[in-house]
Structures are given as C-alpha cells and as structure tokens.
Amino acid sequence: MRLTRTLALMAAVVAVAACQDKKQEAPAPAAPQAAAPAAGGAPAGDKLVFGHVASMTGNEATFGDSTDKGIKLAVDEANKAGGVKGKQLTVKTLDDQGKPEEAAVAATRLVTQDGATVLLGEVASSRSLAMAPIADSNKVPMITPTSTNPRVTKDGDKTRPYVFRVCFIDPFQGTVMAKFARENLKINNVAVLRDVGNDYSVGLANFFAAKFKDLGGTIVADESYKAGDQDFKAQLTAIKNKKIQAIYVPGYYTDVALIARQARELGIKVPLMGGDGWDSVKLYEIAKGALDGSYFSNHYSSEDPSPVIQGFVKKYKETYGSVPDALAVLGYDAANVAIDAMKRAKDLTGPSIRDAIEQTKGYQAVSGVINLDQDHNAVKSAVVLAIKNNEAHFAATVNP
Amino acid sequence: MTEFLQHLVNGLSVGTIYALIALGYTMVYGVLKLINFAHGDVYMVGAFSGFYLANAMGVGGSPSLAKALVVFVGSMIICGILGVLIERFAYRPLRHRARLTSLITAIGVSFLLEYGFQLPSIPGLGIPFPPGPTPRFFPEPFTRVAWEPFGVYVSNYDVISFFTAVGLMLLLQYIVYRTRFGTSMRAVSFDSQVAGLMGINVNRVIAGTFALGSALAAAAALLFAGSRPKVDPLMGLTLGIKAFVAAVFGGIGNVPGAMVGGLALGLAEEYVSGYALSSYRDGIAFAFLIIVLLVRPAGLFGSFRPEKV
C-alpha cells in the first residue's frame with residue numbers, strides 16, 4: 001500500500017518535471033520572440049515583478065538585507081514617479097539562506113511562478129553563478145548588484161546574454177588592493193588566506209597575488225580555510241612565523257572578523273586586507289576592534305563628499321535610520337539600471353529589456369557612472385577603506 | 001620551535017574539545033551499542049543554551065566569573081535534560097527493534113534539531129527562538145589575559161578551557177570506575193539483560209548515561225566558544241562527525257580511548273594544516289585515521305569482540 005503511494009508520488013514528480021522541461025524548451029527553436037512573454041512573465045497584469053534572490057538569513061544575512069532595502073527604495077521612488085510605461089512595480093524577495101542550491105530554487109520559482117520580469121541578485125558570486133543559467137534559459141534579464149567573479153556573466157568564452165552586473169570585477173578589485181599595498185603602504189611581504197570553497201574568495205586571492213608579484217612584492221604564504229570553519233589558529237600560526245607585513249583575507253565578514261580576533265589572540269599585529277565581502281556593520285560588531293589598522297577595497301564610501309552619494313545617504317537614513325553600506329547602494333543601482341532600461345525598451349518582454357540593459361552607457365548611478373562593457377561588467381572606480389577605532393573611513397580612490 | 005609549541009597549544013585546545021564530545025559517543029555506544037548521531041547537534045544546542053543564558057544575564061555588559069559559571073552549569077543541565085528526552089522518546093521505544101532502526105532515528109533526531117533550529121523565530125516569545133540560520137556570537141564572559149612564554153601565545157581562556165576539560169574527564173573517569181552508578185553502567189554495558197535481572201534499573205542507567213554525555217557536549221561547546229564565538233544551527237555537523245571519528249579511533253566504547261582519540265585528531269589537524277597545505281587539513285587528518293584503523297581495526301584502546309549483528 002505504502003509502496004504504491006510512493007511510486008505514484010514519484011511518478012507525479014517526474015511528470016511535472018518533464019512538463020516544465022517541455023515548456024522551457026519547446027517554443028524556443030520555433031519562435032524565440034513569441035516565447036518571451038510566456039517565459040518572461042509579462043501577463044502579471046498592471047504590476048511588474050522584480051524578483052529578488054537574497055541571503056536574508058544565514059552567514060551573510062546583512063548582505064541580503066541591505067540590497068533588499070536598496071532595491072525597495074529605488075522601486076518606491078519609481079512608483080511615486082508613475083511607474084514604468086504606466087505600470088507599477090513590486091519587489092518579490094525570496095531568501096536563499098546564503099546557499100547556492102537555494103538560490104537556484106528561488107530564481108526558478110520567481111521566474112516560473114511569480115512571473116518576474118527582471119531578476120535581481122545575488123550579492124555573492126557563488127549564488128549568482130547558480131542563478132545565471134536559469135536567467136539565460138528562461139530569457140529573463142538578471143542584474144547582480146555586487147557579484148564580482150568574472151564567471152558570473154561569462155559561460156566559458158561567451159558572454160551570458162541575459163546576465164549583467166553593476167559592479168566592477170575581481171581582477172580589478174584584486175589589482176586595486178595589490179597596488180594599494182605596494183604603492184601606498186610600501187609592503188613587500190604578504191600572506192594570503194583564502195576561503196577555498198568560495199569562487200569569490202579564490203578569484204580575488206589569485207588576482208591579488210598575480211598583481212602583487214608583478215609589482216615586485218612576495219607572497220610568502222598561501223593558506224586556506226573553509227567557510228564555516230571556526231578555528232583558524234593553525235593557519236595563522238603558520239603565517240605568523242614568516243616575516244609578513246600584512247595578510248590578505250578576501251572572505252566574507254563573519255569569517256574575517258573571527259580570523260582577525262584569533263590573529264590578535266596569537267599576537268599577530270600586522271594589518272589585514274580584503275575586499276568588498278567585508279562590508280557589513282556586523283564586521284565591526286564581531287571583530288570588536290581586532291581589525292583596526294586594516295584595509296579593504298569597496299564600491300563606495302559614505303564619506304565621499306560627492307552630492308550624488310551624500311543625497312543618497314541622506315535619503316536612505318531618512319527611510320531606514322542607518323548609513324547605507326555598499327550592498328545597499330548597489331542594490332539601489334541595480335534596480336535603477338533595470339528601471340531605466342525598461343523605460344527605454346520598446347516593450348516589456350525579456351529580450352527587449354535585455355537589449356536595453358545592454359545599451360546602458362553613461363548612466364549616473366550612486367556608486368559612479370555605469371558603462372557596461374561587452375562582457376556585461378560595469379567599468380567603475382573602486383575605493384579603499386581604512387578601519388580605525390572599529391569604523392571604516394575613506395582612504396583612497398583607485399581608477400580602472 | 002616556537003611555531004611547533006604554538007601548534008601544540010592550539011592542537012590541545014581543539015583536541016580536548018573533540019575528546020569531550022567523543023566521550024558522549026563512546027558512553028552511549030558502550031551501554032546501548034547505538035551510535036547517537038544526534039550527539040553533534042546536542043553540542044549545538046549546548047552552545048545556543050549558553051548563548052541565550054549569557055544574554056539573559058547580561059554577560060556582554062558586565063562580565064564576571066560567577067555569571068560565567070552559571071551559564072556553564074546551566075547549559076550543561078539543559079543539555080543533560082535534552083539528552084534524557086531524546087533517549088526517552090526517540091530511542092527507548094525502539095530499543096528492542098533491529099539496531100538499524102535506532103540508527104535511522106538518530107539521524108532523524110539530528111536533522112530535526114539542525115533544521116528545527118533554522119526555522120524563523122516564533123513571534124511573541126520574548127527571545128528569538130528558534131534562532132534561524134543567521135550565526136550568533138558569544139559575549140566574552142571575562143577579560144582576556146595573554147602570556148607569552150618563549151614567544152608562544154597562551155591566554156587565560158586556553159588555560160581555563162584545558163584544565164576544565166581535563167577536570168571533567170577525570171570526574172567522568174571517577175564516576176565510571178568508582179561510583180555505584182558507574183558500576184551499574186559498566187554492568188549494563190556488559191549485558192543489559194543480566195544486569196536487569198541483578199536488580200539494576202537499566203532504563204535509569206541508560207538515561208543517566210545520555211544525561212552525562214550530553215552535559216559534556218554542552219561543556220565542550222562553551223569551552224570551544226572562548227576564542228571561536230560563532231554559534232549556528234549547523235555547527236554540530238562536522239564537529240560531531242569528527243568527534244565520532246575520534247571515538248572510533250580510540251576504540252569506541254572505551255572512555256580513555258575517546259580522550260586520546262580526540263587529542264590525536266586535534267593535533268593531527270593542527271600539524272597538517274600548519275606544516276602542510278591547509279586545504280588538505282581534514283583530508284590528511286582523516287587519511288591518517290583510516291590507516292590507523294586498518295592496522296588496528298578495534299581502535300587504539302578497543303578490544304576486538306566478534307559480534308552478531
């Protein structure tokens with residue numbers, strides 16, 4: 001009896017899966033244009049849905065929370081200004097708990113069930129990499145706010161047609177920090193401590209190391225950890241005895257803060273350096289001052305006096321009562337690039353919006369002027385932030 | 001030399017934690033021949049109990065040794081009760097079924113705890129429970145003091161943690177070999193049916209074993225949190241498996257074996273990641289254990305007894 005029921009259930013699941021496959025594949029070769037409304041979810045009525053996939057909980061919970069706030073701010077503004085082509089926008093946010101497999105499930109659900117016109121997210125490269133093929137195969141444009149790994153918009157040698165980003169990429173970010181370490185801090189010997197299971201961290205570590213050696217520096221140690229590890233003392237002890245002047249830790253804030261604390265507990269006094277994965281108020285809360293004297297590269301600084309940035313900081317503070325981090329800024333920018341493209345697109349189908357996003361040139365966003373290159377990357381400058389008294393302060397701007 | 005000694009300090013500090021958790025696996029296996037796969041998650045619950053207790057008492061604002069002690073003992077009691085409940089409702093009803101059944105329930109309990117703790121908090125409860133998947137951080141229960149003999153950094157946390165762990169292990173050794181309860185525990189482990197006929201309350205002994213093991217897991221969690229204060233619902237997963245391996249390595253069912261196994265695993269990991277490639281940390285450490293088990297199938301201290309399954 002039970003066996004029959006199980007078998008029936010399995011059969012049903014297989015059948016549903018098969019149907020979905022057919023839906024995705026069948027219309028494509030016959031009429032690519034006609035397939036778009038079905039796949040792109042145009043029939044959602046007067047509302048246009050922005051599907052946002054984010055880590056609202058999990059190890060990087062502040063990332064998702066910040067982008068979500070940024071996106072909602074952008075959408076509210078657009079709605080007050082009359083929406084897009086007479087239609088109002090809504091944001092549908094799904095939590096992926098910081099797991100790539102959940103991000104893929106969320107993206108599929110947003111596209112097939114909720115009829116999302118545009119996908120926004122994820123912050124983390126490993127999760128965006130899970131979403132990218134879904135955006136492509138369903139012909140729904142996807143804009144990631146801060147995924148910096150080059151492979152997010154590239155499928156092997158060719159650019160993914162439907163995937164875009166509004167941030168710079170790892171080769172640039174790694175280079176920025178290597179240049180800053182060599183030229184501004186005059187550092188010769190650096191140890192690298194990377195998260196081996198994370199595309200973002202491995203990418204940054206590689207690009208940093210390559211540029212640092214190019215500029216005449218030496219990588220004296222290259223150690224690794226896995227996200228979720230709690231004890232980093234073995235690696236830190238190994239690094240400590242190698243005459244280092246800094247440690248490059250391109251990880252996410254929870255791990256980095258713990259690494260910093262344990263480094264100080266072992267008597268390591270050199271600065272740590274990292275990338276935009278450090279940017280979270282939680283970093284300072286956990287590190288409790290252990291990161292003082294450290295540096296990280298980022299997309300923007302709230303201390304930048306430019307009127308665009310100060311205007312946004314003021315607006316964000318009025319709405320949410322806190323200073324926006326870079327994730328919030330880029331969430332806002334990603335949503336606005338999508339909105340701008342939808343206004344320019346000839347209709348609201350996936351392919352037309354895609355074409356409009358691709359033509360984005362000279363768009364004045366909060367994080368800088370966005371020009372998309374042929375690989376769908378935004379070419380922008382980066383800033384380096386210095387941590388003093390457990391707070392980040394603007395240190396330098398580095399141009400591409 | 002300095003580096004070698006520093007690795008030794010770090011390795012001992014992690015190893016004693018593995019040893020404390022391994023004791024829970026070993027004792028339950030000793031009396032029930034059951035591998036309690038939920039044990040790693042009891043460790044996680046211990047960490048969260050400590051976190052909630054510490055917050056409720058405001059340890060972050062004004063730390064003191066007395067509060068630290070209350071948090072420590074409180075979590076051990078909470079976990080002891082949890083261990084008894086798990087045994088009562090998940091294992092006891094299945095005790096006379098095929099052994100595989102209890103193994104599956106153990107995995108079920110483990111997942112129940114892991115995923116139950118990842119659910120969104122119940123509103124209106126006063127405390128954020130269940131905690132959800134976002135990691136939490138322990139407040140420091142007392143001020144950190146560090147010494148630097150011969151360039152090796154040792155903090156008061158390392159010292160307290162090491163001596164507390166060793167003290168708990170000695171206490172356990174005393175309970176098992178010198179008390180009435182210990183005697184009945186060993187009797188049940190030898191043959192539970194005959195022990196029952198001799199007037200030993202088998203159920204009570206088994207419940208007591210679970211309580212002891214689970215309390216030790218909670219203690220391990222709080223000692224570990226000294227310089228690694230991150231707490232999340234999946235933290236028991238790998239640590240639990242590692243401690244299980246340590247127990248098997250030492251000869252499962254053998255109390256001193258679990259201690260040695262835990263220390264050996266901690267040191268192996270530390271030296272592998274310190275002197276070889278750190279990405280190979282777990283790989284090489286476990287390969288080493290597999291080799292030892294190939295040579296001594298019953299583990300370091302285990303005696304090989306043929307067994308009908």
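These legends go with four close-up views of a predicted model. Local features need pLDDT of at least 70 and side-chain atom pairs count only at pLDDT 80 or more, while totals for chains, interfaces and linings use all residues. Residues are numbered from 1 along each chain as its sequence is written, chains are lettered from A in the order in which they are written, and side-chain values use heavy atoms, with hydrogens and water left out.

**View 1. The largest cavity lies between two domains of chain A.** A cavity is a set of points on a 1 Å grid over the protein atoms alone where a 1.4 Å probe fits but cannot get out. There are five cavities of 30 Å³ or more, and the largest holds about 60 Å³ (the space filled by probe spheres set on the points, which are joined across faces, edges and corners). Its lining residues, which have an atom within 4 Å of a point, include Phe63(A), Ser147(A), Tyr200(A) and Asp276(A). Six lining residues are nonpolar, five polar and one charged; here Asp, Glu, Lys and Arg count as charged, Ala, Val, Leu, Ile, Met, Phe, Trp, Tyr, Cys and Pro as nonpolar, and the others, Gly among them, as polar. Domain 1 (7-168 + 309-380) and domain 2 (170-298) of chain A both supply residues, so the cavity sits between them; the bounds come from an automatic or database domain assignment.

**View 2. The second largest pocket has about 1,000 Å³ of space.** A pocket is an open set of grid points with protein on both sides within 12 Å along at least five of seven lines. Of its 39 lining residues, Asn59(A), Lys226(A), Ala227(A), Gly228(A) and Asp229(A) lie nearest the centre. Elements giving two or more residues include α5 (100-112) of chain A and α1 (2-32) of chain B, and α9(B) gives the largest share, four residues. Helices (H or I, at least four residues) and strands (E, at least two) are DSSP runs, numbered from the N terminus. The lining has 13 nonpolar, 11 polar and 15 charged residues.

**View 3. Ser301(A) sits in the loop between β12 (295-298) and α12 (307-320) of chain A.** Ser301(A) is buried (under 20% relative accessible area, 1.4 Å probe, protein chains only), at 3%. A polar atom of its side chain lies 3.0 Å from the backbone nitrogen of Glu303(A). Leaving out residues up to four places away in sequence, Ser301(A) touches Ile309(A), Val383(A), Leu385(A) and Phe394(A), where contact means heavy atoms within 4.5 Å.

**View 4. Val31(B) belongs to helix α1 of chain B.** Val31(B) is buried, with a relative accessible area of 8%. Beyond four places away in sequence, the residues that Val31(B) touches include Met185(B), Val188(B) and Ile206(B).

Definitions and conventions
Buried < 20%, exposed > 50% of the residue type's maximum accessible area, 1.4 Å probe, protein only. Polar contact = N/O pair within 3.5 Å; in protein donor to acceptor, adjacent residues only side chain to side chain.
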